[in-house]
Amino acid sequence: GNIDEKYVGGGDKENEPEGIANDSYAKNTTAENEDNHDGHFSLVKAKAEAGDASYMVELGELYLKGSGTPKDEKAGYHWFDLASNAQNEMGTARKADCLLAGLGVQQNTSEGQSILIE
């Protein structure tokens with residue numbers, strides 16, 4: 001039978017078979033989230049470039065994840081380094097993480113460890 005006939009006036013979402021309306025909803029939500037990521041990335045980048053160290057850390061995270069921008073580990077490390085130079089503790093911690101793991105920078109465990117000890 002026609003699926004629409006079952007639901008006319010019922011509004012019973014609980015008993016709706018999996019994947020009928022949910023698929024199109026999921027696709028729309030994903031598309032909206034991708035648009036929001038791009039806008040979010042632009043906002044974060046502008047604030048980081050204006051000198052806000054907390055946004056520098058967030059921008060570094062977006063580059064590491066490739067969220068709203070192509071993944072770029074070197075750029076991620078660069079922004080963590082700038083935040084660290086601005087005395088941001090999270091930036092310093094993330095810079096150390098990158099050094100320890102070799103993310104976006106040549107791995108240097110001794111420098112990474114010494115940063116964490118400071």
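Of the 118 residues of the protein chain, 27% count as buried. The model is a predicted one. The chain has six helices and zero strands, and reading along the sequence gives the pattern α-α-α-α-α-α. Among contacts in the protein chain with a separation of 6 or more, 28% are between residues 24 or more positions apart.

The next step is to see how some of the helices are placed against each other. Two packed helices are described by the angle between their axes and the distance between the axes. Three pairings can be followed in this way, starting with helix 3 and helix 4.

Helix 3 covers residues 53-65, and its axis comes within 7 Å of the axis of helix 4, the two crossing at roughly 165 degrees. An angle over 145 degrees counts as roughly antiparallel, so helix 3 is roughly antiparallel to helix 4. The crossing of these two helices is left-handed. On the side of helix 3, the contact is made by A53, M56, V57, L59, G60, E61, Y63 and L64, and on the side of helix 4 by E73, A75, G76, W79, F80, L82 and A83. Sorted by class, the residues of this contact are eleven nonpolar, two polar and two charged.

Helix 4 also packs against the helix that follows in the numbering. Helix 4 consists of residues 73-85 and helix 5 of residues 89-101, and the two pack at an angle of about 140 degrees with their axes 7 Å apart. Which word describes the relation of helix 4 and helix 5? The angle of about 140 degrees is not over 145, the cut-off for roughly antiparallel, and helix 4 and helix 5 are therefore oblique to each other. Their crossing is left-handed. Helix 4 contributes Y77, F80, D81, A83 and S84, which meet G91, T92, R94, K95, C98 and L99 in helix 5. This contact has five nonpolar, three polar and three charged residues.

Between these two helices there is a loop, and Q87 lies in it. Is Q87 buried or exposed? With a relative accessible area of 66%, Q87 is above the 50% cut-off and is therefore exposed. The backbone of Q87 can be noted as well: its phi is near 70 degrees, a positive value in a residue other than glycine.

The third pairing is that of helix 3 with helix 5. Their axes come within 9 Å and cross at roughly 30 degrees. An angle under 35 degrees counts as roughly parallel, so helix 3 is roughly parallel to helix 5. V57, E61 and L64 of helix 3 make this contact with M90, G91, R94 and C98 of helix 5. By class, there are four nonpolar, one polar and two charged residues in it.

Some single residues show how these pairings look in detail. E61 has its place in helix 3. At 19% relative accessibility, E61 falls under the 20% cut-off and so counts as buried. Not counting residues up to four places away in sequence, E61 touches F80 and R94. F80 is one of the helix 4 residues that meet helix 5, and R94 belongs to helix 5.

A53 is another residue of helix 3. Because its relative accessible area is 13%, A53 is buried. Leaving aside neighbours within four places in sequence, A53 is in contact with A83, A86 and N88. The C-alpha atoms of A53 and M90 are separated by 9.3 Å, although the two residues are 37 residues apart along the chain.

In helix 5, A93 can be looked at in a similar way. A93 has a relative accessibility of 27% and so counts as partly exposed. Along the chain, A93 and G112 are 19 residues apart, and their C-alpha atoms are separated by 8.8 Å.

The last topic is aromatic rings. A pair of aromatic rings is described by the distance of the centres and the angle of the planes. How many aromatic pairs does a search of the whole structure find? The search finds one. The pair is formed by F41 and Y63, with 5.4 Å centre to centre and 90 degrees between the planes, an edge-to-face arrangement. F41 lies in helix 2, which covers residues 21-49, and Y63 lies in helix 3, so the pair ties together parts that are 22 residues apart in sequence. Both F41 and Y63 are buried.

Methods: Residues are numbered from 1 along each chain as its sequence is written. This is a predicted model: local features need pLDDT of at least 70, side-chain atom pairs count only at pLDDT 80 or more; totals for chains, interfaces and linings use all residues. Side-chain values use heavy atoms; hydrogens and water are left out. Axes are lines fitted to C-alpha atoms, for helices over the stretch in contact, and angles run from 0 to 180 degrees between N-to-C directions. Angles under 35 degrees count as roughly parallel, over 145 as roughly antiparallel, 65 to 115 as roughly perpendicular and the rest as oblique. A crossing is left-handed if the near helix is turned anticlockwise from the far one by less than a right angle, and right-handed if clockwise. Contact means heavy atoms within 4.5 Å. Ala, Val, Leu, Ile, Met, Phe, Trp, Tyr, Cys and Pro count as nonpolar, Asp, Glu, Lys and Arg as charged, and the others, Gly among them, as polar. Rings of Phe, Tyr and Trp (its six-membered ring) pair if their centres lie within 6.5 Å; planes under 30 degrees apart count as stacked, over 60 as edge-to-face and the rest as tilted. Buried means under 20% relative accessible area, exposed over 50%, partly exposed in between (1.4 Å probe, protein chains only).
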